[in-house]
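The following note is offered for your consideration while the model is at hand. Its points are numbered so that each may be taken up separately.

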Amino acid sequence: MRKKFILDACCGPKCFWWNKNHPNTLYIDLRDRDKGFIDSRPNREIKPDKIMDFREMDFPDKSFKLVVFDPPHLIGKEDGCRMIKHYGCLNAETWQDDIKRGFNECWRVLEDYGVLIFKWNDASKKRAEVLRIIGKEPLFGHPNGSKIPTHWFCFMKIPKLTGKEEE
Ligand SMILES: C[S@@+](CC[C@H](N)C(=O)[O-])C[C@H]1O[C@@H](n2cnc3c(N)ncnc32)[C@H](O)[C@@H]1O
């Protein structure tokens, strides 16, 4: 088995990782930044293993068992605040296409029966719209009506079985 069988498709400062250098994980992001890149106050570095665009990944199909996709959720605020500098921002003109392409790439590089975790925050766009753009139904995640703004959705790449294999 390959050593790196987990992919973080846009790791940023890896805030949600318990082990920020997990030995079985490949971390990618568009950016590479040293500590203190925001201002004089302390902030985390952004140090992916590879600089790569989640819309066009340089991996063969079905390379990973688990993919986590946590794209920027704020849209069209280029000269933003500290949070935008830290976590990035989607382009107001292209964000739908960018999310769709990113999700499709995460799906492509996922093995059959692999798991994709997608994180979204409703601050700029509601999850229902984003899930419509993605066009796949999660197995589970916060249902509509939840007042919590940050949502985690779990998808599994279950291959379509032919009639023969089905019970
Ligand atoms: C919300 S942050 C990720 C935060 C991260 N999960 C954490 O725990 O700190 C989103 C990241 O997506 C990156 N990003 C934005 N567009 C990207 C793209 N097209 N390809 C790869 N990374 C991208 C940004 O540079 C930013 O670091």
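**Notes on the predicted model**

1. Arginine 127 and aspartate 122 join their side chains in a salt bridge, with an N to O distance of 2.6 Å. The structure under discussion is a predicted model. Both partners of this bridge are withdrawn from the surface: arginine 127 is buried at a relative accessible area of 6%, and aspartate 122 is likewise buried, at 9%. Because the limit for burial is a relative accessible area under 20%, arginine 127 qualifies with its 6% and aspartate 122 with its 9%.

2. Histidine 151 belongs to the surroundings of this pair. The residue is placed in strand 7, which covers residues 150-156, and is counted as buried, its relative accessibility being 0%. Its side chain makes a polar contact of 3.1 Å with the side chain of arginine 127. Apart from neighbours within four places in sequence, histidine 151 is in contact with Phe118, Lys119, Trp120, Asp122, Arg127, His142 and Ser146. Both members of the salt bridge in point 1, arginine 127 and aspartate 122, thus appear in the contact list of histidine 151.

3. How many salt bridges does a search of the whole structure find? The search returns 12. One of them pairs the side chains of lysine 65 and glutamate 111, at 3.1 Å from N to O. Lysine 65 lies in strand 4 (residues 64-69) and glutamate 111 in strand 5 (residues 110-121), so this pair ties together parts that are 46 residues apart in sequence. Lysine 65 is partly exposed, with a relative accessible area of 32%, and glutamate 111 is also partly exposed, at 24%.

4. A salt bridge within a helix is found between the side chains of arginine 101 and aspartate 97, with 4.0 Å from N to O. The two residues stand 4 residues apart in helix 2 (residues 95-108), a separation of about one helical turn. Each is partly exposed: arginine 101 has a relative accessible area of 34%, and aspartate 97 has one of 43%. Elsewhere, Asp32, Asp34 and Lys47 are linked in a network of salt bridges.

5. The ligand site merits separate attention. Around the ligand there are 19 residues, of which the closest are Cys15, Asp29, Arg31, Phe54 and Asp70. Polar approaches come from backbone and side chain. A polar backbone atom of cysteine 15 is 2.7 Å from an oxygen atom of the ligand. A backbone N or O atom of leucine 30 lies 3.3 Å from a nitrogen atom of the ligand, and a polar side-chain atom of aspartate 53 lies 2.9 Å from a ligand nitrogen atom. Taken alone, the ligand exposes 600 Å², and the protein buries 94% of that area.

6. Cysteine 10 may be examined next. The residue is found in the loop between strand 1 (6-8) and strand 2 (25-29), and counts as buried at 11% relative accessibility. Not counting residues up to four places away in sequence, cysteine 10 touches Ile28, Asp29, Phe54, Phe69, Asp70 and Pro71. Among these contacts, Asp29, Phe54 and Asp70 are also listed with the residues closest to the ligand. By contrast, the C-alpha atoms of cysteine 10 and alanine 128, 118 residues apart along the chain, are separated by 22 Å.

7. Is leucine 90 buried or exposed? Leucine 90 is buried, with a relative accessible area of 5%, although its place is in the loop between helix 1 (82-87) and helix 2. Its C-alpha atom is separated by 6.0 Å from that of proline 72, which is 18 residues away along the chain. Leaving aside neighbours within four places in sequence, leucine 90 is in contact with Pro72, Leu74, Ile75, Gly76, Trp95, Ile99 and Trp120. Trp120 in that list is also a contact of histidine 151.

8. The final point concerns the surface. Tyr113, Leu139, Phe140, Met156, Ile158 and Leu161 form a nonpolar surface patch whose accessible area together is about 610 Å². Phenylalanine 140, one of its members, is placed in strand 6 (residues 140-141). This residue is exposed, with a relative accessible area of 55%.

How values were computed:
Residues numbered from 1 in each chain as written. Predicted model: local features only at pLDDT ≥ 70, side-chain atom pairs only at ≥ 80, totals over all residues. Heavy atoms only, no water. Patch = residues over 30% accessible without salt bridge, like charges linked within 9 Å, V, L, I, M, F, W, Y side chains within 5 Å. Areas by Shrake-Rupley, 256 points an atom, 1.4 Å probe, with all protein chains shown as cover. Buried < 20%, exposed > 50% of the residue type's maximum accessible area, 1.4 Å probe, protein only. Contact = heavy atoms within 4.5 Å. Near = heavy atom within 4 Å. Polar contact = N/O pair within 3.5 Å; in protein donor to acceptor, adjacent residues only side chain to side chain.
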